[in-house]
Amino acid sequence: MSKLCIKCGAELEDQAIFCDECGAKQETITNKSEEPLTQRQLNEQKNNMKQSGMGIVSFILGIISVMTFGVFFLPEILGIIFGILGRQDKTKKTGMATTGFVLSLLAVVMWLFLFWAA
């Protein structure tokens, strides 16, 4: 019993597919030598993936864009550009880049709606 549940941390048998305590399905991720990774190695891999710097900038610009209803237009364009560039780096997490991109596009749509629909 050296395996730990990925959700609750309960001790499990090595061949367990589901946790006896919480019922969570146990996923086995293998490395290149096809040996199963330990829970510690899985946590280290997750922690090593950091946010893209461009993604963070895109997220901040997206928030500024939405808060100003797209009036300044420069943050929207830069948020879209940085969002695209942040999503291209697959070694980093891309959630903030995607959110910044979407917020910037939303601000452009808000600007179009406010000024062209009036």
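These are my notebook entries on a predicted model of a protein, taken in the order in which I looked things up.

**Entry 1: overall layout**

I began with the secondary structure, which comes to four helices and two strands, and read the order of the elements from the N terminus as β-β-α-α-α-α. I then turned to burial and found that, of the 118 residues, 26% count as buried. For the surface I noted an exposed area of about 8300 Å², of which carbon and sulfur atoms supply 64%. Of the contacts between residues at least 6 apart in sequence, 48% join residues at least 24 apart.

**Entry 2: the nonpolar core**

Which residues make up the largest nonpolar core? I listed six, namely Cys5, Ala10, Leu12, Ala16, Cys19 and Ala24. I looked further at one of them, alanine 16, and, once its neighbours within four places in sequence were left aside, I found it in contact with Lys3 and Gln26. The second of these partners, glutamine 26, seemed a suitable subject for the next entry.

**Entry 3: glutamine 26**

I placed glutamine 26 in the loop between strand S2 (11–12) and helix H1 (39–48). Is this residue buried or exposed? Its relative accessible area is 6%, and because buried means under 20%, glutamine 26 counts as buried. I then followed its side chain to two backbone atoms: a polar atom of that side chain lies 3.0 Å from the backbone nitrogen of isoleucine 6, and the side chain also reaches the backbone oxygen of alanine 24 at 2.9 Å. Not counting residues up to four places away in sequence, I recorded that glutamine 26 touches Lys3, Leu4, Cys5, Ile6, Leu12, Ala16, Ile17, Phe18 and Cys19. Among these partners are Cys5, Leu12, Ala16 and Cys19, which I had already listed as members of the largest nonpolar core.

**Entry 4: cysteines 5 and 8**

How many disulfides does the model contain? I counted zero disulfides, and then checked how far cysteine 5 is from the nearest cysteine sulfur. That sulfur belongs to cysteine 8 and is 3.7 Å away, and cysteine 5 is in no disulfide. The reason lies in the cut-off: a disulfide requires sulfur atoms within 2.5 Å, so at 3.7 Å cysteine 5 is not assigned one. I repeated the check from the other side, and for cysteine 8 the nearest cysteine sulfur is that of cysteine 5, at 3.7 Å, with no disulfide here either. As to their surroundings, cysteine 5 is buried, with a relative accessible area of 3%, whereas cysteine 8 counts as partly exposed at 41% relative accessibility.

**Entry 5: aromatic rings**

I went on to the aromatic side chains and counted three aromatic pairs. One pair is formed by tryptophan 111 and phenylalanine 115, and I noted it as tilted, with 5.9 Å centre to centre and 45° between the planes. Both residues lie in helix H4 (residues 95–116), where they are four residues apart, about one turn of the helix. Tryptophan 111 is partly exposed, with a relative accessible area of 22%, and phenylalanine 115 also counts as partly exposed, at 46% relative accessibility. I then looked at tryptophan 111 with tryptophan 116, whose ring centres are 6.0 Å apart with the planes at 55°, so this pair is tilted. Tryptophan 116 itself counts as exposed, at 64% relative accessibility. Which residues form the aromatic cluster? I wrote down Phe73, Trp111, Phe115 and Trp116 as one cluster.

**Entry 6: the loop between H2 and H3, and the start of H3**

From the cluster I followed phenylalanine 73 back to the loop between H2 and H3, where it counts as partly exposed at 34% relative accessibility. Its phi is near 65°, a positive value in a residue other than glycine. I found a positive phi of about 55° at phenylalanine 69, which is not a glycine and sits in the loop between helix H2 (53–67) and H3. Phenylalanine 69 is partly exposed, with a relative accessible area of 45%.

I ended with leucine 74, which lies in helix H3 (residues 74–88) and is exposed, with a relative accessible area of 54%. Its C-alpha atom is separated by 9.2 Å from that of leucine 61, and the two residues are 13 residues apart along the chain.

Key
Residues numbered from 1 in each chain as written. Predicted model: local features only at pLDDT ≥ 70, side-chain atom pairs only at ≥ 80, totals over all residues. Heavy atoms only, no water. Core = buried A, V, L, I, M, F, W, Y, C linked by side-chain atoms within 4.5 Å. Buried < 20%, exposed > 50% of the residue type's maximum accessible area, 1.4 Å probe, protein only. Contact = heavy atoms within 4.5 Å. Areas by Shrake-Rupley, 256 points an atom, 1.4 Å probe, with all protein chains shown as cover. Phe/Tyr/Trp six-rings, centres within 6.5 Å; stacked < 30°, edge-to-face > 60°. Polar contact = N/O pair within 3.5 Å; in protein donor to acceptor, adjacent residues only side chain to side chain.
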